[in-house]
Amino acid sequence: MKFNPILIGAADSLAPPDNRPIYEWAAENVQLVGGKGAFFDPDAVPSQRFAFDWISDPDIHNITLVWPTGFGKSVFFEAWIAHTVAENPSDAQFSHQTDRPASQWVEKRVVPTLEACPATAPIMRTTHRHKKRKLELSLANGCTLYFGGANMRNLQDKSLPIVGGQEVWDWPANGAISEAKARTHDRFDEKIVLCGQGGREGSEFDAEYLGGALHTTGYKCPGCGEETPYMPYTGDPAADFESVMTWNADLAAADQVPWERLLRTVRYVTPCCGRKMRDTPNNRRRLAARQVLISLSDHEGIPGWVSHTVSALAAHWVPWEKLVVQYLQARRAEMAGDTSKMRAFVMKRLARFWSERPVTPVLNLEACEPYSRADFWPVEGEPAPRWEREAFRIFAVDVQGTHYWAICRAWRLDGSSRLLYEGRISTIEQVHETQKRFEVSNENVAIDSGYATERIAHARWKYRKLIRRNGKHVGSSCWVMLKGARDESFPHHEIHGRQKVKVRKVYSTTEKRKTSEGKPYSVVKFSNLMAKNALAAMMAGSRAFGVFTNHSEEYGAQMQSEALLEVRPGKWNWETVNKKGQRAARVDNHLWDCEVMGVVLASLRGVLSAGLDDESIDQETE
């Protein structure tokens with residue numbers, strides 16, 4: 001018997017529409033690629049049911065989904081595409097960050113899904129192979145699916161009712177979202193779905209999210225029966241996470257965290273009644289089975305717009321212990337001045353929008369044992385008083401036209417430190433006398449070489465100390481001339497075991513130079529950004545940063561003379577600020593610069609590493 005494709009197509013068109021929810025239809029028709037024959041499971045990610053219901057609602061046109069990584073975003077789109085082709089044949093456009101991931105997605109997932117789906121397989125078989133291109137599928141049932149990167153070339157010259165966007169947080173910030181949405185040409189049946197992990201506050205994706213009525217996934221509490229979100233939603237994502245996840249704080253604060261013991265203390269605390277739950281697959285699935293859609297606030301969205309966000313806490317296959325480990329690692333890096341891990345955790349795991357906030361260092365005198373300036377003031381003719389377990393002390397000097405500013409700080413091998421001296425010095429001779437009074441060796445004197453370089457080079461040569469062995473001159477102990485730079489780090493070539501590696505650090509290798517009179521000297525450059533980040537973190541409590549209680553007014557003011565400000569989108573620098581925290585050009589910051597140089601020299605001496613050296617290690621071939 002011969003089959004007439006025209007009659008078959010006519011019969012299919014006269015078949016009654018399948019009015020089941022999309023996720024129920026997908027459970028019967030959409031076979032997951034690489035899933036060993038498994039079909040779409042609506043109960044695997046209950047949050048997707050809410051989004052599918054919005055797609056089916058004719059009164060909802062604009063849907064923004066802020067979901068964590070690994071939450072099944074691609075599977076969600078594949079099920080929607082299959083349902084569109086089979087039950088609602090319409091032209092549609094689905095965009096990714098660039099053409100390459102879009103092409104790979106179509107080739108490896110979308111096409112195989114449509115070919116395996118019982119409802120779409122006949123359509124794929126009757127579609128000419130030349131109509132199935134990598135970024136365009138012109139199907140036999142009349143609908144065309146366009147794919148591609150989010151660029152102006154792909155986002156123009158089309159008119160269609162359905163627009164989908166994946167990983168929208170990473171789209172170009174030049175109006176790509178607006179251009180994609182414009183493809184619907186204001187049709188009455190337009191459907192726009194934008195999906196991705198959290199992005200940056202103030203971005204176009206953030207504006208789309210805030211434009212809709214805000215929702216999240218919660219659950220009906222097994223303790224009190226109240227419907228509650230997995231965690232609160234305030235302006236501080238990290239605090240929201242800590243409000244529902246608890247662990248032993250003492251173990252987490254240890255230098256070497258005993259992770260096995262710590263993770264046994266992890267508990268999830270319900271926001272509604274404070275019920276504590278252990279991290280077990282059964283408990284996570286128990287909450288997932290009771291998931292409900294919750295409105296976040298009275299925020300009034302644009303009519304027809306809805307938004308949804310949910311953290312990885314709602315993904316029952318992700319252990320809560322794993323999230324705690326990632327959070328604690330991110331928090332430690334943040335204390336050392338590196339916010340990249342916390343930014344990734346907030347955006348990828350909590351699916352929240354991230355904002356880099358200005359950082360103004362604040363002296364926390366209550367965090368350290370109080371002491372007085374007089375406790376370490378050297379009495380003439382007597383040895384300088386020493387701090388218990390002190391390893392060495394650093395004398396850092398900032399050079400001005402007619403005077404100098406200096407600090408002396410004692411360091412322990414654990415990176416803790418204590419201020420011994422701070423103040424203004426009139427002459428270079430007095431600088432040398434103060435150094436000797438506090439018994440600081442030449443190699444532990446850091447002096448600014450960015451201003452009056454020749455003057456400092458001559459003084460360095462004058463006050464050098466000859467090193468002799470067996471009566472022979474083998475070298476000299478000299479001041480370390482430092483110069484701040486805009487570089488983010490500097491490469492160093494080292495041997496680790498049998499491998500040659502490149503290690504990036506806060507300071508550069510030594511640069512040999514000569515004065516106009518031929519006197520040799522050397523300069524070490526350092527990363528202003530990296531060193532100041534580390535100093536701010538130490539002042540905030542990452543390491544004990546002692547300051548005597550009767551410090552000068554100049555020290556208190558100058559230690560808050562700089563702040564980390566956004567100089568252009570995504571680019572942050574340390575800038576001088578006034579008492580109100582506003583950018584100002586003429587502000588005294590000399591003692592701040594001295595402390596920065598002290599941090600660099602402490603790193604060079606090997607007592608500081610986190611956030612300063614070993615930033616990245618790249619293996620090199622011989």
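## The β15-β16 hairpin

β15 and β16 form a hairpin, with four residues between the two strands. The model described here is a predicted one. The two strands of this hairpin pair in the antiparallel sense, and eight bridges join them. One position in the pairing is marked by A396, which stands opposite I407 in β16.

## Strand β16 and its second partner

β16 also pairs with strand β17 (residues 417-425), again in the antiparallel sense and over eight bridges. In this pairing Y404 stands opposite I425 in β17. β16 and β17 form a hairpin as well, with five residues between them. The turn of that hairpin holds G415, which has a positive phi of about 90 degrees. As background, the strands of a sheet pair through backbone hydrogen bonds, and the pairing is either parallel or antiparallel.

Is strand β16 enclosed or open to the surroundings? Eight of the eight residues of β16 (residues 404-411) are buried, so the strand is largely enclosed by the rest of the structure. Both of its faces are covered. On one side the buried residues are Y404, A406, C408 and A410. On the other side they are W405, I407, R409 and W411.

I407 is a useful example from this strand. Its relative accessibility is 1%, and because buried means under 20%, I407 counts as buried. The C-alpha atom of I407 is separated by 38 Å from that of V325, and the two residues are 82 residues apart along the chain.

## A sheet of three strands

Another part of the model has an open sheet of three strands, in the order β10-β11-β12, with antiparallel pairing. β10 (245-246) and β12 (276-278) stand at the edges, where each has a single partner strand, so one side of each is left without a neighbour in the sheet.

β10 and strand β11 (residues 267-269) are paired over two bridges in the antiparallel sense. Within this pair, T246 has R267 in β11 as its bridge partner.

## Salt bridges

How many salt bridges does the model contain? The count comes to 21. One of them joins the side chains of E78 and R109, with a distance of 2.8 Å from N to O. E78 lies in helix α4 (residues 73-87) and R109 in helix α5 (residues 99-116), so the pair ties together parts that are 31 residues apart in sequence. The two partners can be described by their accessibility: E78 is buried, with a relative accessible area of 4%, whereas R109 is partly exposed at 29%.

A second salt bridge is formed by R284 and D279, whose closest N and O atoms are 2.5 Å apart. R284 and D279 are both buried. A third pair is E562 and K532, with the closest N and O atoms 3.0 Å apart. E562 lies in strand β27 (residues 562-568) and K532 in helix α17 (residues 528-540), so this salt bridge ties together parts that are 30 residues apart in sequence. Both E562 and K532 are buried. Salt bridges also link R386, E390, R393 and E439 in a network.

## A positive patch on the surface

Which residues form a positive surface patch? The patch is made by K220, R275, R286 and R290. Of these, R290 is placed in the loop between α12 (281-288) and β13 (291-295). R290 is partly exposed, with a relative accessible area of 32%. That value fits the patch, because residues in a patch have over 30% relative accessible area and no salt bridge.

## Positive phi angles outside glycine

Two loop residues other than glycine have positive phi values. For E167, phi is near 50 degrees. E167 is found in the loop between β6 (162-165) and α7 (176-181).

R389 has a positive phi of about 65 degrees, although R389 is not a glycine. Where does R389 lie? It is in the loop between α14 (340-349) and β15 (392-399). β15 is also the strand that forms the hairpin with β16. R389 has a relative accessibility of 56%, and because exposed means over 50%, R389 counts as exposed.

Key
Residues numbered from 1 in each chain as written. Predicted model: local features only at pLDDT ≥ 70, side-chain atom pairs only at ≥ 80, totals over all residues. Heavy atoms only, no water. Buried < 20%, exposed > 50% of the residue type's maximum accessible area, 1.4 Å probe, protein only. Patch = residues over 30% accessible without salt bridge, like charges linked within 9 Å, V, L, I, M, F, W, Y side chains within 5 Å. Areas by Shrake-Rupley, 256 points an atom, 1.4 Å probe, with all protein chains shown as cover. Salt bridge = Lys/Arg side-chain N within 4 Å of Asp/Glu carboxyl O. Lys, Arg positive; Asp, Glu negative; His and termini not counted. Charge placed at Lys NZ, Arg CZ, Asp CG, Glu CD. Pairing = 2+ DSSP bridges.
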